[in-house]
Amino acid sequence: MLTGFQASVFAATSRTVIVRWTRYSGATSYKISVAPRNSPNNFIAFATFGPNTVMGSVTSLSENVEYTFTVEALDDSQTALATASIDSSTAPDVMDPIQRVKPKDSRTLIVVFNLKARATQYIIRIQNSDGFFREDTVPSSPAEIKFLTPYTEYSLSILAENSAGRSQPSSSVTGKTVLAPPELSSSSPSNDSIIVSWAPVTHAVQYSLSLYKFGSYSSIYNTSYTNMTISGLDAGSLYVIQVFAWDTEGRKGEGSLHNQITRPPTPSSVRVSVVTNNHVAGLSVSWNIDQVVQGPIMYHVRSDQNLTCNSTSSSCTLPAVGCGEVHTIQVTAFNEAGPGHPSSPEVFITFPCPPQSLAVVESPEGNCTLRWDTVPHADSYAAYIKKNDGSERTCNSTSNNCTFHCQCGYTYVMFVLAFNQAGGSPECQPLNYTTLPCCPENVSVSSVSTDTLEIMWTASQGADVYETRAADNSEVILCNDTAPVCALSDLSCDREYTVVVTPCNDFSGCNRACRAHTKGTAPCMPTNLVLNPKNSSCISVSWTGNNRAANYTVTAGGDDGIHSCTTSGSNCDITGLPCGSTYEVSVTATSAAGHSLPSYTDSLETEPCCPMNLTVDQVTQAMTNVSWSHAKGAHSFITSLTSPRGHARCHTQDSHCLMGCITCGTSYTVTMEAVSHSGRKSNCTYQGFSSSACCPSGVRLYRTASNSLRVLWRSGSSHSSVADLVGIINNYTCTASPGENSCDIDNIQCGDVYHVVVAPLTAEGSKVLFCPKRFYSVTCSGSKVGTVIYRGKRSVD
């Protein structure tokens, strides 16, 4: 069938469907056939139209049924030139009227209706007499119609809708919204009442007010007025208020909800006490709280002395109160409704002020009376008396004086506190009172150097400063200090002094009745120190000493420790000094009074030590390397190798040296001089050294018969010799007995370069390793050795 022919549904009702199509060339008529969609071959209706028609309807169909519509373009012989099919349903039939309409609130109606089979959604048409018209689409029943006008009558009908279209509207029903909710305002003028007011609601004839307390009761009040005062309520409680209006038909309008809290209850059982924070006094005010109140509460505390504080708990502190003040205090609670009634006034007197004008009167019997001025609002007094030994006592009194026993040699610190029911006063300015100081005990005098005495004692009570005096027949030395120790310097050595310690203070003066002590100073320092070495390990020391009675100790301190000798005379010997050591020597005098200063030191250096080990190694035929171990105290070394044929010598600070001009085959004597920093020497002798046998000279290589070579040399040695030929391909060796100066090598490989070394053998059978090499080329003549060519003492490669 040809393409390009199209058809579509133009409109549909519950009984009729209008189909349109495109004009088809050559068609003389158009035919519409209708069959149920679930039975496409069972045609139930036909309609035919002329060639100029492009739209036609099919009627007498069933409502809300799915059909298949087939449009054919026919020629004169009723042969179909083109065909187009479409599926469509008829619209739903008219619905039943809305069953029930009821108001939900002043702007919403609830609609209840019967559902229609195969309807996909519903359209509710709303209109009123004022020209209002609106259609709301809803999915099902019941449905809410929102955003209406309060207290207004509406006409409502309903239409069903599916994919083909809408049904006709149902017959109308009426519904009316209720009165709008009143606009409320409220306040709490006291802690047991609430005032509620609202604007008049149009068409309202009466109002109802409902009052509900959380967790408690509810009440309902009716009135024709627009305000109401409700009394007898609980303080600090939250109430929910609802007000709604009644219309002339007796219908209840939409209600308004509002929360209002009453003012808080009056605080009770107000209590006041003194507290201290960072040495600043304040008044702690506390009260009882009603635990069932609602919402946050702020408490304001006020004193008639212009002090205030705020708190959300049951206490707060009025800051910075002074002594001897009278406060009248009230507590007021606040919440969002306003302040409650203030509490009953509470009168409170703060702690008394500290007593002033403290004074002490001392009696000859050793008693002291402390007096002070009385202060207002004080009920009693307490005097605190502290001695500087740590002991203290308290004297309670209702008068202005107190008597106590005071001892000599002590300092007393006294203060007085006044008391009332609020507590004690701050401390007054303390009074210090000091008696005549006692003489120091446990006085000790010691000599710390030849010109200094150190005096120490136990601190005496009441002493602020000590005067220490040392005197002999010719001089007086004084020292003033606050500490129980004093050093008297610049005294003469080896003298006897009288020492007295006198305690003093600023209040009672000095105690001049203290006992004297005697002490001698240390011996004088030895002078003119002389050192006289006796041998390598002994030194004689002498000096000058001008002391009355003293022993002398000589010490020599070095790396190995201290060596010493002691005498009562002016000289002594120190023995057993090891080699290679340096010492500092001094002399100290000792007596019953102590030790003198050491004499000025003198340095002593013993002879250096010889190296324990010395080794001579021959490096070449004419050069040796001499090395030795460490020698304590040695700074440089002079090493000698001596023989009848000559000698070698080196001078060095190292532990080794190279020596040339060594004669081969010669025995040498080995000696050394070890020299210290100061030039002291030690002579050292070691085991002799024999140089190696002399290397042969005039070494030549000759061709002999057949493939043999002869090595020939000159030598005056009585040792055996070994000749080594080392080639690139092969190596050869021959040996000559003592006294011989040649040896032969057979079956030589020609065409090679050889280096030739002839070396004597030592008594132990080892070769001398430093004999020279000579190079020879051995040519071939056929398969035999040809010409032997000397190449010198280096390789030709």
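The exercises below concern charged side chains in a predicted model.

Residues are numbered from 1 along each chain as its sequence is written, and side-chain values use heavy atoms, with hydrogens and water left out. Local features need pLDDT of at least 70 and side-chain atom pairs count only at pLDDT 80 or more, while totals for chains, interfaces and linings use all residues.

**Exercise 1.** State how many salt bridges a search of the whole structure finds, and place the pair Glu66 and Arg37 in the chain.

Solution. Step one is the criterion: a side-chain nitrogen of Lys or Arg lies within 4 Å of a carboxyl oxygen of Asp or Glu. The search of the whole structure finds 20 salt bridges. Step two is the pair: the closest N and O atoms of Glu66 and Arg37 are 3.6 Å apart. Glu66 belongs to strand S6 (residues 66–74), and Arg37 to the loop between strand S3 (29–36) and strand S4 (45–49), 29 residues apart. Strands (E, at least two residues) are DSSP runs, numbered from the N terminus. Step three is accessibility, where buried means under 20% relative accessible area, exposed over 50%, and partly exposed in between (1.4 Å probe, protein chains only). Glu66, at 34%, is partly exposed, and Arg37 is partly exposed at 46%.

**Exercise 2.** Starting from Glu135, find which residues its salt bridges join into one network.

Solution. Begin with Arg125, whose salt bridge with Glu135 has its closest N and O atoms 2.8 Å apart. This pair links strand S10 (residues 121–127), which holds Arg125, to strand S11 (residues 133–138), which holds Glu135, 10 residues apart. Next, Glu135 meets Arg166 in a salt bridge of 3.3 Å, N to O. Arg166 sits in the loop between strand S13 (153–161) and strand S14 (173–176), 31 residues from Glu135. Glu135 is partly exposed at 28%, as is Arg166 at 37%. Finally, shared partners join Arg125, Glu135, Glu161 and Arg166 into one network.

**Exercise 3.** Asp752 has no salt bridge; determine whether it is buried or exposed, and what its side chain reaches.

Solution. Locate Asp752 in strand S66 (residues 752–760). Asp752 is buried, and the nearest side chain of opposite charge, Arg791, is 11 Å away. For charge, Lys and Arg count as positive and Asp and Glu as negative; His and the chain ends are not counted. Then turn to the backbone: the Asp752 side chain reaches the nitrogen of Ile728 at 3.1 Å and that of Ile729 at 2.9 Å. Last, list contacts (heavy atoms within 4.5 Å). Leaving aside neighbours within four places in sequence, Asp752 is in contact with residues including Gly727, Asn730, Tyr776 and Val778.

Definitions and conventions. Helix = DSSP H or I, 4+ residues; strand = E, 2+ residues; numbered from the N terminus. Polar contact = N/O pair within 3.5 Å; in protein donor to acceptor, adjacent residues only side chain to side chain.
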